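Subject: Structure handover and findings

Dear colleague,

Please find below the structure I am handing over to you. My findings follow it, grouped by topic.

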Amino acid sequence: MVNEYSTTKLVTLLCFHIDKVFDIKYYVAGLLYIVNNKLMLSGYSRYGSKVNKLYRLVDSNIGRICFGDISEGQFMFKQVFNLVKMSQKSYVAGSAYPPLENGVLRIYSMRFCPYAQRTRLVLQHKNIPHENVNVHLLKKPEWFLERNPFGLVPTLEINDKVIYESNICSQYLDDVYPGDKLTPSDPYQKARDQMLIDTFGKVIGHYYKVARHGEDLEDLKKSLKRYDEELAKRGKYFGGNDKPCLVDFALWPWFERFPLLEENGLKLTEAEFPNLLVWIKTMYQLPAVKATMFDKESHKRFVISYRAGNPDYDFGL
Ligand SMILES: N[C@@H](CCC(=O)N[C@@H](CS)C(=O)NCC(=O)O)C(=O)O
């Protein structure tokens, strides 16, 4: 079953159950497998009643998915098997619907989509078990359009529920799944956060004008200034000093892509954007960012293919 895709090969399944290590029950479970000629390891340790992630999936192609607390080893194996089995290549029109198991959360995504990245950041940060199905956005599978008639990613599916629009998906995940809370409980603070997210649409608009037509550079900088000022008041993250919040994850994808605009004259200087520059450095350290990001060169290659009318959704796979 694991060999369904030629690039993926299961090497071995590891499972240890060691009683009485330091007087507590200790379990280690994991998978060793090969994806695109790279050796991968993923696993969990269980320590009394607590489950810890032992290794992250490290592959850049499928390793963007990681697991949260899973108390049953069997369930974990099933999930990892599904993952290894599931290709990250984009599904096209005419393809068969990949069956979704009961209780499994799925995200329909496109690897280079900044909106989908918003929600993937939340999935990663909160360690929410899920599977990822990438869709070809120029040749959308019929079953994808049945679920989201707008044909946009991200879209979430679990059992009979379908959710789309990136910010709504992220909020839903934060509301429903345990882990770090990314939304303040105070209604006023929550409203202030939503304002920052909604009005970031202006920055996005300017971003694409600069990228496509070399216009709007000053407007882009002006719209960013407000975010620098807000950080000065809030601290290290938009969520305050210690932890990121939904605002950080909703904004980040475009900051990851700003280096592409350097050739259009965009430079965020210390003099103009001292707080945003520190924030960018901090964000790059987050495991969720590391797990979902592409480097400048890969983004550039995708954009070139996109502009040529032939987007390479599977670039690097
Ligand atoms: N407002 C949507 C925008 C999502 C979006 O535009 N996604 C793009 C990919 S980056 C897409 O699915 N495009 C397909 C299409 O426009 O047909 C959200 O926040 O989720």
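**Helix H6 and its two partners**

The axes of helix H6 (residues 200-213) and helix H7 (residues 217-234) come within 9 Å of each other and cross at roughly 155°. An angle over 145 degrees counts as roughly antiparallel, and therefore H6 is roughly antiparallel to H7. The crossing of these two helices is left-handed. On the H6 side the contact is made by Lys-202, Val-203, His-206, Tyr-207 and Val-210, and on the H7 side by Leu-217, Asp-219, Leu-220, Ser-223 and Leu-224. Sorted by class, the contact of H6 with H7 has six nonpolar, two polar and two charged residues.

Please note that this is a predicted model, and that the values in this message are to be read accordingly.

The second partner is helix H8 (residues 246-257), whose axis lies 11 Å from that of H6 at an angle of about 15°. Because angles under 35 degrees count as roughly parallel, H6 is roughly parallel to H8. The crossing of H6 and H8 is left-handed. Here Phe-200, Val-203, Ile-204 and Tyr-207 of H6 meet Ala-250, Leu-251 and Trp-254 of H8. The residues of this contact comprise seven nonpolar, no polar and no charged. Val-203 and Tyr-207 of H6 thus appear in the contact with H8 and also in the contact with H7.

In the loop between H6 and H7 sits Asp-216. Its phi is near 75°, a positive value in a residue other than glycine. Most residues other than glycine have a negative phi. Asp-216 counts as partly exposed because it has 19 C-beta neighbours inside 10 Å, whereas 20 or more would make a residue buried.

**Helix H4 and its surroundings**

Which residues of helix H4 (residues 166-176) are buried? They are Ser-166, Cys-169, Ser-170, Gln-171, Leu-173 and Asp-174. These buried residues pack against helix H2 (114-125), strand S7 (155-158), strand S8 (161-164) and H8.

Ser-170 of H4 may serve as an example. With 28 other C-beta atoms within 10 Å, Ser-170 is buried. Leaving aside neighbours within four places in sequence, Ser-170 is in contact with Arg-118, Thr-119, Val-122, Leu-246, Phe-249 and Ala-250. Ser-170 and Pro-154 are 16 residues apart in sequence, and their C-alpha atoms are 9.7 Å apart in space.

Leu-246, one of the contacts of Ser-170, belongs to helix H8. This leucine is buried as well, because 27 other C-beta atoms lie within 10 Å. Not counting residues up to four places away in sequence, Leu-246 touches Ser-170, Gln-171, Asp-174, Leu-182, Thr-183, Asp-193 and Ile-197. Asp-174 is 72 residues from Leu-246 along the chain, yet their C-alpha atoms are separated by 8.5 Å.

**The surroundings of the ligand**

Which residues surround the ligand? The shell consists of Met-110, Cys-113, Tyr-115, Leu-137, Gly-151, Leu-152, Val-153, Pro-154, Glu-165 and Ser-166. By class, the residues of the shell divide into seven nonpolar, two polar and one charged.

Some members of the shell have backbone features that you may wish to note. A cis peptide bond joins Val-153 and Pro-154, with omega about 5°. Pro-154 is found in the loop between helix H3 (142-147) and S7. Glu-165 has a positive phi of about 80° although it is not a glycine. This glutamate is placed in the loop between S8 and H4. Glu-165 counts as partly exposed because it has 16 C-beta neighbours inside 10 Å. As background to these features, most residues other than glycine have a negative phi, and most peptide bonds are trans.

**The chain overall**

The protein chain has 11 helices and eight strands. Of its 317 residues, 33% are buried. Among contacts between residues at least 6 apart in sequence, 60% join residues at least 24 apart. The pair Leu-246 and Asp-174, 72 residues apart along the chain, is in contact.

With kind regards

Methods:
Residues are numbered from 1 along each chain as its sequence is written. This is a predicted model: local features need pLDDT of at least 70, side-chain atom pairs count only at pLDDT 80 or more; totals for chains, interfaces and linings use all residues. Axes are lines fitted to C-alpha atoms, for helices over the stretch in contact, and angles run from 0 to 180 degrees between N-to-C directions. Helices (H or I, at least four residues) and strands (E, at least two) are DSSP runs, numbered from the N terminus. Angles under 35 degrees count as roughly parallel, over 145 as roughly antiparallel, 65 to 115 as roughly perpendicular and the rest as oblique. A crossing is left-handed if the near helix is turned anticlockwise from the far one by less than a right angle, and right-handed if clockwise. Two residues are in contact if their C-beta atoms, placed from the backbone, lie within 7 Å. Ala, Val, Leu, Ile, Met, Phe, Trp, Tyr, Cys and Pro count as nonpolar, Asp, Glu, Lys and Arg as charged, and the others, Gly among them, as polar. A residue is buried if 20 or more other C-beta atoms lie within 10 Å of its own, exposed if 12 or fewer, and partly exposed in between; C-beta atoms are placed from the backbone. A residue is near a molecule or strand if its C-beta atom, placed from the backbone, lies within 6 Å of it.
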